[in-house]
Amino acid sequence: MRVFHQRDEAAYTEFAVAVTPRLFRSALLMCGDWHLAEDLVQTTLAKLYVAWSKVERADSAEAYARGTLTKTFLSHARTRRNSEAPRAELPEAVTHPDESLRLELLEGLRSLEPTDRAVLVLRYWEDRSVADTALQTGLTEGAVRTRSSRALARLRDVIGDDTNDSRAATKRTGTVAP
Amino acid sequence: MMTEQELVQRMGVVVDDVTPDVHALVDGGLAAGRGEVRRKRRLAVGGVAASVALVVGLGVAVDRGTDLLGAERTPPATGVEQSDGLAAVTPRGLAAALESLVPLEPYAAYGYVVEGAALDEPGADFSEPATLAMLEYQVGASAGFINATVTTDAAGVELICEDPDVTCTERVAADGDRAVVARTRPEPGYGAPLDAVLVFRADEAVMVTSFAFGTKDFVSPISISDLMGIATDPRISLRVDPQWNQAGELMEQFDEGSSAEIFADVAPDGV
């Protein structure tokens, strides 16, 4: 029994600094809004601080953090769905050489339900398994498969099949977990 | 047709180059986390001296109205008599032993066991079993409580006494064991005032507390000296004379449940 944890803030801070960029990128893909992504990440970091002893004991602290982010996003989406819509715009200071491609994808993601966005980000961007994605989103594995397929098809409809886009092809290669 | 791999590539185009203000986010998360921890400390433990969280198992759960202590509640204490004539204490047995040491007439008693549960909250992390018993009595217009907690993990007990609401004093118990006296008087609205004595024995830690809801000017009917006497009494232990377990079985108005269940009934709104 520990009556009170002697909080290891140094370890927390080190972890938070390391994981924040990756959390932010996932958050941005999920919500499409720079400022909201910042809020989601900050809220996630606060939750991780509160639960730090559990984070430390987790098999993967980063997986725990990403799960917390997903839940934070879905919770936000549920409570704000009637009052807020995600914006694709990033701050003016953020410049991007592939602006049209970036906006196109964010627009496409924005057309999806928040849960579908989360499924796509978890399954493909974070390379999570169907089972893990189901766990993080509260869906069944069957629902994850269905939503993945449906959301991807919806994205194809919205942003087209520009498969020869060399800018994208050179950026990143990915494999999808089973 | 856009494949899954191509979606990943496009996602990379969108976010690979973004550079959030990491230190601002971490600082913000740290500040918010600290604030949340402090709030939980104050509201936790049944609103009782959360700043010290001395009443370990009374539970952060009250704040959420849920049982955060986990599903595992199988008492480590079976009450089976050991070769030395002592038996593992049950919550009821601990309550009966506590009642025998408190010169007050309780009108309700509570108890439960926490074993192997880990909270995702600060304040309580039960890697070892803890048995808790609590007596409720009337103090003025408020409900007062005397709580006893015993646990095997004496070496793992830590205290944080730097909270401004808390005064901690190191003592040496009459039998030579290390003891700590903690008194907390939180700001109104942030939990109940509490007096506590912790005694660290060779193979167990004992904690006895006195607190009350609904009164900021709490004057415990049990003195620190009384609390020390209770905490050092061999009846308040993980292993007791079997008669106390038997006496516990006969206790009336005994509620064996979680802290959430207990305090849902007795804690005033806002605590």
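1. A residue is called buried here when its relative accessible area is under 20%. The model under review is predicted, and this cut-off is what the first structural point rests on.

2. By that criterion, 8 of the 8 residues of strand β8 of chain B, residues 205–212, are buried, so the strand is largely enclosed by the rest of the structure. Both faces take part. Ala205(B), Met207(B), Thr209(B) and Phe211(B) point one way from β8(B), while Val206(B), Val208(B), Ser210(B) and Ala212(B) point the other way, and all are buried.

3. What is the partner strand of β8(B), and do the two run parallel or antiparallel? The partner is β7(B), residues 194–200; the two strands run antiparallel and are joined by 7 bridges. They form a hairpin, with 4 residues between them. Within this pairing, Ser210(B) of β8(B) is the bridge partner of Asp195(B).

4. Asp195(B) has a second role in the model. Its side chain meets that of Arg183(B) in a salt bridge, with an N to O distance of 2.9 Å. Asp195(B) lies in β7 and Arg183(B) in strand β6 (residues 178–184) of chain B, so the pair ties together parts that are 12 residues apart in sequence. The two ends differ in exposure: Asp195(B) is buried, with a relative accessible area of 1%, whereas Arg183(B) is partly exposed at 38%.

5. Salt bridges that share partners also form a network in chain A. Arg22(A), Glu62(A), Arg66(A), Glu126(A), Arg128(A) and Asp132(A) are joined in this way. One pair in chain A is Arg128(A) with Asp132(A), whose closest N and O atoms are 2.6 Å apart. Arg128(A) counts as buried at 8% relative accessibility; Asp132(A), at 22%, counts as partly exposed. The value for Asp132(A) should be read with the cut-off in mind, because buried requires a relative accessible area under 20%.

6. A further salt bridge in chain A joins the side chains of Arg145(A) and Glu141(A), at 4.0 Å from N to O. A reader applying the criterion should note that it asks for a nitrogen within 4 Å of a carboxyl oxygen. The two residues are 4 apart in helix α8 of chain A (residues 141–159), which means that about one helical turn separates them. Arg145(A) is partly exposed, with a relative accessibility of 48%, and Glu141(A) is partly exposed as well, at 38%. Over all chains, the structure holds 15 salt bridges.

7. On secondary structure, chain B has 7 helices and 10 strands. Chain A has 9 helices and 0 strands, and its pattern along the sequence is α-α-α-α-α-α-α-α-α.

8. On burial and surface, 59% of the 271 residues in chain B are buried, and the chain exposes about 10,500 Å², with carbon and sulfur atoms supplying 49% of that area. In chain A, buried residues make up 50% of 178. The accessible surface of chain A comes to about 8,100 Å², of which carbon and sulfur atoms hold 48%.

9. On contacts, how much of chain B's contact set with a separation of 6 or more comes from residues 24 or more positions apart? The share is 64%. In chain A, 70% of the contacts between residues at least 6 apart in sequence join residues at least 24 apart.

Technical notes: Residues numbered from 1 in each chain as written. Chains lettered and ligands numbered in written order. Predicted model: local features only at pLDDT ≥ 70, side-chain atom pairs only at ≥ 80, totals over all residues. Heavy atoms only, no water. Buried < 20%, exposed > 50% of the residue type's maximum accessible area, 1.4 Å probe, protein only. Contact = heavy atoms within 4.5 Å. Areas by Shrake-Rupley, 256 points an atom, 1.4 Å probe, with all protein chains shown as cover. Pairing = 2+ DSSP bridges.
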